[in-house]
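Please take a moment with the sequence and the three-dimensional model before reading on. The paragraphs below are meant to be read with both in view.

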Amino acid sequence: MRKLFPSLLSLAIASGIMLNQSVMADESGSSVANTDLEVIVVSGNKVAKPLKDVVGSISVMTSTELDKQLVNDMNQLFRYDPSIKITGSQGSAQNFVVRGMGSDRVLMIKDGMRMNEGYGANGLNDVVGRGFIETETLKQVEVAKGAASSIYGSDALGGIVVFVTKDAEDYLQAGETFAGKVKAGYYDDGEQAQLAATFALKQESFQQVLHLSARRGEEQQNYQGSLEPFEIDSESLLYKARYDLASGDKLGVSVDIWRQDTQGDSADGLLAYFRNLAKYGYHIADESISSEKRSEALKFNYQSYNGVWYDVLEVNAYRNHTQQQDSEYGFLDINAPKFRVVEKRHMWKNGDYEQTTLGLLSHASKQLNAMHTLGFGVDVETTESLRNTHELRTVEGKAAPTKDELTAKFPKNDTLRAGAYINDEISLSEGKWLLTPGVRLDHYDMDPNGKLKVDGTPFKAINETHASLNFGARYAINPSLNAYFQYGQGFKVPAYDLAYIEHSMQPSSEYAYEVIPADDLAPETSDTYELGLRGYVGEVVVNAAVYYNRFDDFLDTELVKRDMVRDGEGNFSHIKETYRYQNIDSVTIKGIELGARYDLNANWHIQANASYQDGKDDATGEYLTTISPLSGNIGVSYEQDAISSELVLTLAKRMTKVNAGKEEIAGYGTLDWLASYAVNADLSVNLAVYNLFDKEYVDFNNVAGHDEGQDLSRLTEVGRNFALTLSYQF
């Protein structure tokens, strides 16, 4: 993998030599761009419009904000938005949690393409995450909060995340034919070095952009520095081209390739069972772990304008392939006469997760008159998913393996999603009122391809048809302040890994578990109610929302039975628990979000954000582990000419909303400093120092559900750390 880095660099240099130099478009702006009411968003109803005109709550990070916060990994997005959390760290499984709902219940879309689903225990995606993305290519990231299935179909149960990558015109100023950017960075939290290069070219009606990036570093360390971090190498290539036809229509193509390799020295998934057997003569002589993640996407795009039945039409055809291959190795030097085992044992455990999606998506809008603007579209997508595990064990001196077993955690399955939707924007009272009713009809087929369970009975195919509604209303209190109400419905057909999982494991010598498939799972559904206020109150920009989300037929695990297993002599061997997934009655998440920004003068600015969440199982009254404690931040920034500086204080209250026997997590406060300096029109420097006072703390979202009294020191966040980037535009 390391050989690819020189190749990327060589290609970047060669591309620069072949093309003529110019000056890149200026990207300067405020680091608090998410309060800019004029920023253009597309996630609300697939139509580009200013944030101030959108019905519903949407959080946005622009490229300027990404640069000023020195974001270098998905888990660093929305660092200062307390309503959005991203679990996991660099190189590990990562997931978005939006208003207390996450994993595959939040739909993720990149450049119009559905991104991979995750996989892991209890739907938490702790084995395969969703962070297969290079942040350097991003122009904008949007998070639309709440149910959105009336626009996006299945999986938009708790919200959607939309990634938009940069185009050639994001670098080219008017009249330019060539521009580019070279960026180098160092990130202290994972000792990561980055090198990226972008080249944009326009020749008459044809424009193209090539982005290349490579990173080298380690896993993020904890506060004590006690982890043995694995190495992380990643590379990405993004190529986009667009041809403008004489008619005004546009044809586009994009190729997006991302790869990441990790290597470490701790094979816990394979050797956890043996770690407490050292006293019996089981000595772990060697161990290692590696992971290879791949994401490859190809998309064709067609845009047309001013047709007979549409003003704007966009059609996307794409293929998105994701793969994660995990490999663990362990060498046991065993001298255990008590168990009559004396041998040198080599062990391997290899896991392969693959998902391939083919999609044909269309969206159009048509203004019928001054009152009605319709949006409508048809989507068809197919997804193939598989997860296999191969375990091999050999003993020195024996020709045949003692174990050679290939298992499927769930059967290879094919999923068909087809949907059609229509929505209307109804403008009343000269634009003072805007009403947005919408409906979508979806059909969903998931086929296990005739595979059989362990007991010989076939897995059940899942076929569902579902209608989703949405209604929103926006009222202009005055030209600068809007109030809105939104009701939305969401649904999610049981995911393949929940519906079809058949899995057993003994992670320790004293405990084993089994997950058995369930044939009677119903789709999860959600209802979102939201009241909001967005705009200017005097000279203060405000963004406030109160929401209530109810999730019915929520999927969770149930304990079927708990057995005490005895050995052949009748002595205690281990405990075995059997689980399966079930639909519970409902869960409810409610909360309040507040945001404000005040410009003291042309140079000094103050901003503040806060989020309160509460979420419970309606039947048992137990808290959901995905909600966050009361948290927020206060920022003070200064900007003048080429210099900007910002201090951000992040605060989190002690998390007491935990269930009996679970650990409460202490509150904390950290201070970050962000600074940037434009040396000249082409050269800029960005610096950030995070956790300025070196506070030791634990992020609740990364440790939720741990038992009371557990030692969480290994799960602390990193102490004081810094990041530095140098960018040159030409």
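What follows is a walk through the model, from its confidence to its sheets, its salt bridges and a few single residues.

The structure is a predicted model, and the mean pLDDT of the protein chain is 89, with 95% of its residues reaching 70 or more. Over residues 1-35, however, the pLDDT is below 50, although this stretch has 87 contacts in the model beyond near neighbours in sequence.

A good place to begin is an open sheet of five strands, which follow one another in the order S3-S9-S10-S7-S8 with mixed pairing. Strand S3 (58-62) and S8 stand at the edges of this sheet and have a single partner strand each, so one side of each is left without a neighbour in the sheet. Strand S9, residues 138-145, pairs with S10 in the antiparallel sense over seven bridges; within this pairing Leu138 stands opposite Thr165, and Val141 stands opposite Phe163. S7 and S10, by contrast, run parallel and are joined by four bridges, with Val161 in S10 as the bridge partner of Met108. S10 is mostly covered, since six of its seven residues are buried. In a regular strand the side chains alternate between the two faces of the sheet.

A second open sheet has three strands in the order S4-S5-S6, and here the pairing is antiparallel. Its edge strands are S4 (84-87) and S6 (101-102), each of which pairs on one side only. S5, which spans residues 95-98, pairs with S6 over two bridges, and Val98 stands opposite Met101 in S6.

The sheets lead on to the salt bridges, of which the count comes to 48. In one of them the side chains of Arg99 and Glu530 meet at 3.0 Å, N to O. Arg99 lies in the loop between S5 and S6 whereas Glu530 lies in strand S27 (residues 524-537), so the pair ties together parts that are 431 residues apart in sequence. Both Arg99 and Glu530 are buried. Another salt bridge joins Lys145 to Glu593, with the closest N and O atoms 3.1 Å apart. This pair also links distant parts of the chain, as Lys145 is in strand S9 and Glu593 is in strand S29 (residues 572-599), 448 residues apart. Lys145 is buried because its relative accessible area is 6%, and Glu593 likewise counts as buried, at 8% relative accessibility.

A further salt bridge, between Arg550 and Asp618, has its closest N and O atoms 3.5 Å apart. Arg550 belongs to strand S28 (residues 540-566), while Asp618 is in the loop between strand S30 (604-617) and strand S31 (631-640), 68 residues apart. Here the partners are partly exposed, Arg550 with a relative accessible area of 29% and Asp618 with one of 35%. Elsewhere, salt bridges that share partners join Arg114, Glu117, Asp155, Glu381, Arg417 and Lys492 into one network.

What, then, is the nearest side chain of opposite charge to Glu176, a buried residue that has no salt bridge? It is Lys202, and this side chain is 10 Å away from Glu176. Glu176 lies in the loop between strand S10 (159-165) and strand S11 (178-187), where its side chain reaches the backbone nitrogen of Gln173 at 2.8 Å.

Two other loop residues show a positive phi without being glycine: Asp111, with phi near 50°, and Glu204, with phi near 55°. Asp111 is in the loop between strand S7 (107-110) and strand S8 (113-114), and it is buried, with a relative accessible area of 12%. Glu204 is in the loop between strand S12 (192-203) and strand S13 (206-218), and it is exposed, with a relative accessible area of 78%.

The walk ends with two buried residues and their surroundings. Gln76, in the loop between helix H2 (63-68) and S4, has a relative accessible area of 7% and is therefore buried; leaving aside neighbours within four places in sequence, Gln76 is in contact with Leu70, Val71, Gln90 and Asp189. Thr262, in strand S15 (residues 250-264), counts as buried at 8% relative accessibility. Not counting residues up to four places away in sequence, Thr262 touches several residues, among them Gly91, Phe230 and Ile289.

Notes
Residues are numbered from 1 along each chain as its sequence is written. This is a predicted model: local features need pLDDT of at least 70, side-chain atom pairs count only at pLDDT 80 or more; totals for chains, interfaces and linings use all residues. Side-chain values use heavy atoms; hydrogens and water are left out. Buried means under 20% relative accessible area, exposed over 50%, partly exposed in between (1.4 Å probe, protein chains only). Lys and Arg count as positive and Asp and Glu as negative; His and the chain ends are not counted. A salt bridge is a side-chain nitrogen of Lys or Arg within 4 Å of a carboxyl oxygen of Asp or Glu. A polar contact is a pair of N or O atoms within 3.5 Å; within protein, one must be able to donate a hydrogen and the other to accept it, and residues adjacent in sequence count only if both atoms are side-chain atoms. Two strands pair if DSSP finds at least two bridges between them. pLDDT is the predictor's confidence in each residue, from 0 to 100. Contact means heavy atoms within 4.5 Å.
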